[in-house]
Amino acid sequence: MPELPEVETVKELLKPKILGLAIKEVIIHYDKMIKTSDAVRFKTDLIGEKFITVTRRGKYLIFELTNYYLLSHLRMEGKFFYGNEAGAKDKHVHAEFLLSNGAKLRYEDVRKFGTFHLYDKSTQLELTPSLSVLGPEPWSDEFNETAVEAALKWKKTPIKSMLLTQKIVSGLGNIYVDEVLFSANVHPKKKSGDLTRAEIRNVVHYTREILSQAITHKGTTIKTFSAEHGISGEFQNFLQVHTKKDKPCPKCRATILKMKVGGRGTYFCAVCQPEVL
């Protein structure tokens with residue numbers, strides 16, 4: 001968390017606010033977030049850079065600047081906020097970008113897990129360590145039944161863990177994998193190589209459908225996600241199994257269960273998603 005729908009929501013909220021603005025000053029309060037250079041070089045390189053556009057790849061925000069690409073991964077708790085507020089710095093603000101219109105773009109992160117990666121525009125982004133490991137976007141032609149079947153063939157890893165790797169499809173996290181597998185009637189611990197063609201077809205279909213619905217509702221707010229101060233997601237109101245332990249299954253009314261798969265809390269219905277031993 002944030003996953004693809006949340007990052008997409010942040011992207012769309014930031015674009016109309018920052019495009020065309022230049023960076024006048026960069027203040028870094030936590031140097032370890034900078035992964036491609038030291039903090040001094042990072043700050044120097046960004047001075048005078050103008051925001052051309054903002055895109056997304058998987059869970060990465062990509063700020064296209066005049067001469068650079070600035071990639072940001074929000075990890076567990078990262079948030080960007082734009083505003084003109086003055087006053088004391090919040091202890092969870094770890095980066096501040098002072099803009100040419102007098103406003104600030106602030107990065108907040110309670111857990112300090114988020115990262116920044118700066119690449120000059122001669123770089124092929126898809127070949128960088130950040131993006132080269134990612135699978136296709138959910139709506140790309142490369143994410144299809146045939147490709148997924150080939151990627152899963154002979155794999156003994158549980159399908160939930162495999163979908164979380166970002167190699168089959170980019171952008172899925174713990175929340176949406178639970179929802180996809182429930183809708184596809186696939187047990188989270190089923191060996192990836194044992195999925196039938198029909199199950200793979202369902203996984204592809206529901207990945208696209210559920211992520212699209214979540215984007216429409218501006219993501220999911222379970223604990224702390226907000227796309228902007230005062231703006232939270234609404235898709236938590238439409239979750240079918242995630243966080244629904246001991247609640248009735250919306251399909252069969254059996255009790256929703258919770259277990260660990262690969263160390264991740266996993267919600268499922270044992271009736272609708274039977275385990276095949």
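What share of the 277 residues of the protein counts as buried? In this predicted model, the share is 51%. The fold comprises six helices and ten strands.

The overall dimensions were examined next. The C-alpha trace spans about 60 × 35 × 30 Å along its principal axes. The radius of gyration is 20 Å, which agrees with the value near 19 Å for a compact globule of 277 residues. Contacts between residues at least 6 apart in sequence were also classed by separation; 65% of them join residues at least 24 apart.

The accessible surface of the protein amounts to about 12,900 Å². Carbon and sulfur atoms account for 51% of that surface. Positive side chains number 42 and negative ones 32. The centres of these two sets are 5 Å apart.

Helix α1 covers residues 4–18, 15 residues in total. From its first C-alpha to its last, α1 reaches 21 Å, close to the 21 Å expected at 1.5 Å a residue. The helix is mostly covered, with eleven of its 15 residues buried. The buried set holds L4, P5, E6, V7, E8, T9, V10, K11, L13, L14 and I18. Charged side chains are thus listed beside aliphatic ones, including E6, E8 and K11. After α1 comes G20, with a positive phi near 90°.

A second glycine, G262, lies in the loop between β9 (257–261) and β10 (264–268). Its relative accessible area is 68%; G262 therefore counts as exposed, the cut-off being over 50%. The C-alpha atoms of G262 and S161 are separated by 6.1 Å, although the two residues are 101 apart along the chain.

Conventions: Residues are numbered from 1 along each chain as its sequence is written. This is a predicted model: local features need pLDDT of at least 70, side-chain atom pairs count only at pLDDT 80 or more; totals for chains, interfaces and linings use all residues. Side-chain values use heavy atoms; hydrogens and water are left out. Helices (H or I, at least four residues) and strands (E, at least two) are DSSP runs, numbered from the N terminus. The expected span of a helix is 1.5 Å times one less than its number of residues. Buried means under 20% relative accessible area, exposed over 50%, partly exposed in between (1.4 Å probe, protein chains only). The radius of gyration is taken over C-alpha atoms; the globule rule is 2.2 Å times the number of residues to the power 0.38. Contact means heavy atoms within 4.5 Å. Accessible areas come from the Shrake-Rupley method with a 1.4 Å probe; for residues, only the protein chains shown count as cover. The place of a charge is taken as NZ of Lys, CZ of Arg, CG of Asp or CD of Glu.
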